[in-house]
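Hi everyone, thanks for coming along. I'd like to walk you through one model today, so let's get it up on the screen.

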There are 2 protein chains.
Amino acid sequence: MTIGELARASGFRVETIRYYEREGLLPRAHRWRDNNYRDFDKEALARLHFVRRAKAAGFTLREIRELLDLSLTPGEACGEVEALLSRKLAELDRRMAEMHRMRENLAALLASCRAGEAEGACPVLRAMRQ
Amino acid sequence: MTIGELARASGFRVETIRYYEREGLLPRAHRWRDNNYRDFDKEALARLHFVRRAKAAGFTLREIRELLDLSLTPGEACGEVEALLSRKLAELDRRMAEMHRMRENLAALLASCRAGEAEGACPVLRAMRQ
DNA sequence: CTGGACCCTGAAGTCAACTTCAGGGTGTAG
DNA sequence: CTACACCCTGAAGTTGACTTCAGGGTCCAG
Ligand SMILES: [Zn+2]
Ligand SMILES: [Zn+2]
Ligand SMILES: [Zn+2]
Ligand SMILES: [Zn+2]
């Protein structure tokens with residue numbers, strides 16, 4: 001698979017894929033010997049799917065790389081794998097709690113906006129003004 | 001109120017407040033005539049509280065400035081406020097759903113790691129390349 | 001054999017949201 | 001008087017995650 005095909009299949013741009021390779025999120029791609037073009041396999045596509053999901057969940061590239069590095073750790077380091085995984089889980093829970101608070105904040109603002117509409121004065125705007 | 005007092009009252013750093021003023025999140029402060037020190041009023045503190053809440057709700061500075069600008073245009077800006085709020089709410093919901101999926105992913109990974117430990121082979125690698 | 005789509009590299013640029021720096025004034029306690 | 005906390009400005013630096021650029025090679029339909 002050329003980098004362009006991988007880009008179309010993954011939804012990441014060509015430049016982003018090269019950048020991810022540089023940053024260690026993808027293994028260095030094997031090259032087509034005579035033209036030096038990268039040649040990706042299905043695993044690269046699976047990784048990019050994982051990267052997309054992880055990004056959507058709010059992980060930084062560094063964290064995603066750590067997770068991916070875990071997957072390369074052989075079974076013997078199972079304890080470390082577990083430790084890192086549960087640390088990430090705890091972090092995720094913290095972030096999810098934070099998001100819940102944000103959501104409640106936002107929903108309250110929206111509700112007060114709608115409630116104030118009847119009275120002709122937006123309480124959100126009023127709150128900002130005064 | 002000096003900028004330092006405002007900083008202590010608001011929890012933002014002095015430099016951040018100057019930055020916010022430059023960026024239009026605060027009106028340009030009135031100056032203490034003979035020494036050119038900024039002199040803030042209660043409204044500035046109220047704005048900073050609003051900025052903090054909005055940031056906590058996930059708004060960018062640009063969006064916060066948009067909200068503040070809406071509050072300066074008299075009339076029915078309420079609809080726009082609502083639009084901005086519900087757009088943000090939808091975005092937040094999307095991200096929360098992603099995080100939930102990611103959490104289940106990681107939890108399953110951790111469980112399978114623990115289960116696989118007995119058999120001497122860590123299934124993490126397989127799970128992540130699925 | 002040519003034009004256009006595609007590939008390569010290393011370096012520099014961008015954006016948000018700040019922070020730090022350089023180089024200077026002000027106010028007050030001791 | 002002077003040390004020291006506080007204030008000022010404009011500019012440059014930081015971080016993360018890319019994107020754009022400069023300056024090339026490659027492949028293939030017509
Ligand atoms: Zn409203
Ligand atoms: Zn409304
Ligand atoms: Zn669930
Ligand atoms: Zn394991």
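Let me start with a term: buried area is the accessible area, taken with a 1.4 Å probe, that two parts lose on being put together, summed over both. Before I use it, some housekeeping. This is a predicted model, so local features need pLDDT of at least 70 and side-chain atom pairs count only at pLDDT 80 or more, while totals for chains, interfaces and linings use all residues. Residues are numbered from 1 along each chain as its sequence is written, chains are lettered from A and ligands numbered from 1 in the order in which they are written, and side-chain values use heavy atoms, with hydrogens and water left out.

Now, the two protein chains. Chain A and chain B bury about 4400 Å² between them, and carbon and sulfur atoms give 72% of that. In terms of contact, meaning heavy atoms within 4.5 Å, 45 residues of chain A touch 45 residues of chain B.

What about charges across that interface? The rule finds three salt bridges between chain A and chain B, a salt bridge being a side-chain nitrogen of Lys or Arg within 4 Å of a carboxyl oxygen of Asp or Glu. Asp93(A) pairs with Arg103(B) in a salt bridge, with the closest N and O atoms 2.7 Å apart.

On the chain A side, the elements giving two or more residues to the surface that touches chain B are α3 (42–56), α4, α5 (78–118) and α6 (123–129). Helices here are DSSP runs of H or I with at least four residues, strands are E runs of at least two, and both are numbered from the N terminus. The largest share, 23 residues, comes from α5(A). By class, that side of chain A divides into 27 nonpolar, eight polar and 10 charged residues. For the record, Ala, Val, Leu, Ile, Met, Phe, Trp, Tyr, Cys and Pro count as nonpolar, Asp, Glu, Lys and Arg as charged, and the others, Gly among them, as polar.

So how are the two copies related? With copies superposed by least squares on C-alpha atoms of residues with pLDDT of at least 70 in both, chain A can be laid on chain B with an RMSD of 2.5 Å by a turn of 174° and a shift of 0.8 Å along the axis. That is the relation of a two-fold axis. Of the residues of chain A, Met99(A) comes closest to the axis, with its C-alpha at 3.5 Å. And 89% of the interface residues of chain A are also interface residues in chain B, so the copies meet through the same surface.

On to the DNA. Taking near to mean a heavy atom within 4 Å, 19 residues surround strand C, and the closest are Arg18(A), Arg31(A), Arg38(A), Thr16(B) and Tyr20(B). A phosphate oxygen of strand C is 2.8 Å from an N or O atom in the side chain of Tyr20(B), and one is 2.9 Å from such an atom of Arg62(B). Here α2(B) provides the largest share of the surface, four residues.

For strand D, 19 residues surround it too, the closest being Thr16(A), Tyr20(A), Arg18(B), Arg31(B) and Arg38(B). A phosphate oxygen of strand D lies 2.7 Å from a side-chain N or O atom of Arg38(B). This time α2(A) gives the most, with four residues.

How values were computed: A polar contact is a pair of N or O atoms within 3.5 Å; within protein, one must be able to donate a hydrogen and the other to accept it, and residues adjacent in sequence count only if both atoms are side-chain atoms.
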